Amino acid sequence: MKAEPAQQIRLLDLQEIDSRLAQLTHRIRTLPELTEIRRLDARLTELRDRLAVAATELSDLDREQRKAESDVDQVRARSERDTKRLDAGRVSSHKELEGLQSEIASLRRRQAELEEIVLEVMERREATEARGADLDKEIAAAEADREAAEERRSSAVLDIQADQATESDRRARVSADVPADLLALYTKLRDQYDGVGAAALRYGRCEGCKLALSTAELARLRGAPADEVLRCEDCRRILIRTDESGL
Ligand SMILES: [Zn+2]
């Protein structure tokens with residue numbers, strides 16, 4: 001393949017722009033804010049799960065409290081009924097009187113026990129409520145952090161996109177200077193070899209694969225016409241001669 005030396009040199013500019021564009025794409029994909037957003041999403045999922053558990057516990061405790069309070073009411077009502085009967089003086093049999101008094105005493109003990117249960121459930125309920133309030137605060141803080149990270153990410157992406165637009169404009173101008181067949185070869189090699197299709201020959205070394213060319217190869221290149229498109233004998237990339245090639 002043939003191309004004017006000046007056109008070949010333009011390929012190095014194009015390679016620099018393409019490498020820069022690849023870097024910019026990589027930066028968008030690997031912004032630290034993305035890692036932060038993923039971390040915060042995982043944290044929010046965990047906090048919301050814990051909040052759901054607390055809400056379920058709270059509704060269970062509500063039910064438990066209502067049940068215990070209704071048990072207290074029942075025992076109290078029965079105890080009051082017994083006390084009224086006793087106070088009315090209508091119980092004459094000694095045995096029945098003793099039975100009634102013993103039942104009242106036992107109902108009072110039972111009532112005290114049940115009231116103890118109500119208090120205990122109320123305490124657990126308060127603790128669960130406090131835990132839920134703490135989780136609400138933690139969720140709000142994580143949401144605010146996520147929003148801030150999302151804003152930083154968007155602004156970083158906008159900056160990078162502005163750079164991408166600048167580089168794309170430059171690319172259009174530079175690629176217009178490169179003949180179509182050379183551009184097609186460069187594009188094919190760039191796709192094939194990790195984004196680098198053309199490299200400078202610098203002091204006898206290929207800048208693409210970083211290997212020094214053999215003495216025989218350098219001698220061959222020295223004799224090659226200036227408009228011949230050269231390829232690296234090792235990596236097969238397009239090799240561009242410059243003032244620093246050492247030929
Ligand atoms: Zn090479």
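**Notebook: salt bridges, two domains and a zinc site**

I began by counting salt bridges, and the count comes to 32. A reminder to myself: this is a predicted model.

**Entry 1: salt bridges one by one**

I started in helix α1, residues 5–29, where Arg-10 and Asp-13 both sit, three residues apart, or about one turn of the helix. Their closest N and O atoms are 2.8 Å apart, in a salt bridge. I looked up the accessibility of each partner: Arg-10 is partly exposed at 25%, and Asp-13 is partly exposed at 25%.

Next I went to Arg-78 and Glu-103, whose side chains form a salt bridge at 3.2 Å, N to O. Arg-78 belongs to helix α2 and Glu-103 to helix α3, so this pair ties together parts 25 residues apart in sequence. Arg-78 is partly exposed, at 38% relative accessibility, and Glu-103 is partly exposed too, at 28%.

Then I checked Arg-190 and Asp-191, which form a salt bridge with the closest N and O atoms 3.8 Å apart. Is Arg-190 buried or exposed? Arg-190 is buried, with a relative accessible area of 18%, because the cut-off for buried is under 20%. Its partner Asp-191 is exposed, at 57%.

**Entry 2: where the two domains meet**

I noted the division of the chain: domain 1 takes in 5–25 + 179–241, and domain 2 takes in 31–176. Their C-alpha centres are 67 Å apart. I found 13 residues of domain 1 in contact with nine residues of domain 2. Together the two domains bury about 1,000 Å² between them, with 61% of that on carbon and sulfur atoms. Which three residues supply the most of what domain 1 buries against domain 2? They are Ile-17, Leu-21 and Leu-24, with 48% of the area.

Charged pairs turn up here as well: I counted four salt bridges between domain 1 and domain 2. I looked at Arg-20 and Glu-167, a salt bridge with the closest N and O atoms 3.5 Å apart. Both residues belong to a salt-bridge network that also links Glu-16, Asp-163 and Arg-170.

I also clicked on Gln-164, in helix α3, residues 94–176. Gln-164 touches Leu-21, Leu-24, Thr-25 and Ile-28, leaving out residues up to four places away in sequence. At 19% relative accessibility, Gln-164 is buried.

**Entry 3: helix α2 beside helix α3**

Arg-125 is in helix α3 and is buried at 19% relative accessibility. Beyond its neighbours within four places in sequence, I found Arg-125 in contact with Leu-58, Leu-61, Asp-62 and Gln-65. I then picked Arg-50, in helix α2, residues 32–87, which is partly exposed at 39%. From Arg-50 to Leu-135 I read 7.7 Å, C-alpha to C-alpha, although 85 residues separate them in sequence.

**Entry 4: the zinc ion**

Which residues coordinate the zinc ion? I found the SG atoms of Cys-206, Cys-209, Cys-232 and Cys-235, at 2.3 Å. The site is tetrahedral, with angles of 105 to 116° among the four donor atoms. For comparison, ideal tetrahedral angles are 109.5 degrees. In sequence the donors follow the spacing C-x2-C-x22-C-x2-C. Cys-209 and Cys-232 link distant parts of the chain, 23 residues apart: Cys-209 is in the loop between β2 (205–206) and α5 (215–223), and Cys-232 is in the loop between β3 (230–231) and β4 (238–241). Cys-209 is partly exposed at 22%, whereas Cys-232 is buried at 0%.

Terms used: Residues are numbered from 1 along each chain as its sequence is written. This is a predicted model: local features need pLDDT of at least 70, side-chain atom pairs count only at pLDDT 80 or more; totals for chains, interfaces and linings use all residues. Side-chain values use heavy atoms; hydrogens and water are left out. Donors are N, O and S atoms within 2.8 Å of the metal (3.2 Å for Na, K and Ca); water is not among the atoms, so sites may look incomplete. Four donors count as tetrahedral if all angles lie between 85 and 135 degrees; four count as square planar and six as octahedral if opposite donors are over 155 degrees apart and all others between 65 and 115; anything else is irregular. Helices (H or I, at least four residues) and strands (E, at least two) are DSSP runs, numbered from the N terminus. Buried means under 20% relative accessible area, exposed over 50%, partly exposed in between (1.4 Å probe, protein chains only). Domain bounds come from an automatic or database domain assignment. Contact means heavy atoms within 4.5 Å. Buried area is the accessible area (1.4 Å probe) that two parts lose on being put together, summed over both.
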